[in-house]
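Hello,

Here is the structure I promised to pass on to you. Please have a look at it first; my notes on what turned up follow below.

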Amino acid sequence: MRAIDKAANIAETILSIITGLIAALLLIYSAYVLYDNFYTGQAAFASWNLLQYKPVMNEDDDTVDFDSISEINPDTAAWLTIYDTNINYPVVQGKDDLEYAGKDIYGKSSLTGSVYLSSLNKKNFGDNYNIVYGHHMDNGAMFGDIDKYVDIDFFLSHRKGELLTPEKSYELTVFACMKTNAYESEIYSVAQKTDLTDVIDYSELPIV
């Protein structure tokens, strides 16, 4: 009986150790997931380190100083700002529409990716219809504020912004909010459009 009791005690001890190790691993993994989610969410916001490279308009000759941000990434096509929102980012353009979906402005792999212009558009925004992509982050980073435009009060109070390109500065006015799926060809077709009536028909809110 003593041998059986001893073996049972050893087995119980081993089981307790295994259970403790599993619990510790689960705890470590849970902590990592929480940290990773927090870090990913925070990293999606435009940091002070990045904002210091935002192009500056030269009022003397109406040129835009794009040298600093272009040195960080020559794929930078513009800088997009919607006033009083978290949308304040450089806009890059990759060789295709997947390159910057998972890569940041510094060229590093990133779950939050970058704000980027469709590869089918001209880099200087010379097309009549330009598509700019960005992840929707639940914490409001990147394009997380866009869905707030379905609220008419937010829409009316956040209509202004600017788009800075190496050639010039554009004043932006938000005139419609559209809600659609990711496969709507009328919205995501970069074909030259001279009449945007068909696109505007998809608007979620009245045109202002």
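Sorted by class, the residues lining the largest pocket are 28 nonpolar, 8 polar and 4 charged. Please keep in mind that this is a predicted model. The lining comes to 40 residues, and Asn 130, Ile 131, Val 132, Phe 143 and Ile 146 are the ones nearest the centre of the pocket. Four elements each give two or more residues to that lining: strand 3 (76–82), strand 6 (132–133), strand 8 (169–173) and helix 5 (185–188). Strand 8 provides the largest share, with 4 residues. As for volume, the largest pocket holds about 1800 Å³ of space.

Two of those strands, 3 and 8, also have a pairing partner in strand 7. Strand 3 runs antiparallel to strand 7, and 4 bridges join them. If you want a place to start looking, Thr 81 stands opposite Glu 162 of strand 7.

On the pairing with strand 8, strand 7 is again antiparallel, this time over 5 bridges. Here Lys 160 has Thr 173 in strand 8 as its bridge partner. These two strands make a hairpin, with 4 residues between them.

How much of strand 7 is buried? Of its 5 residues (160–164), 4 are buried, so the strand is largely enclosed by the rest of the structure.

Do write back once you have had a look.

Best wishes

Notes: Residues numbered from 1 in each chain as written. Predicted model: local features only at pLDDT ≥ 70, side-chain atom pairs only at ≥ 80, totals over all residues. Heavy atoms only, no water. 1 Å grid on protein atoms, 1.4 Å probe; cavity = no way out; pocket = protein on both sides within 12 Å on 5 of 7 lines; lining within 4 Å. Points joined across faces, edges and corners; volume = space filled by probe spheres on them. Nonpolar A, V, L, I, M, F, W, Y, C, P; charged D, E, K, R; others polar. Buried < 20%, exposed > 50% of the residue type's maximum accessible area, 1.4 Å probe, protein only. Pairing = 2+ DSSP bridges.
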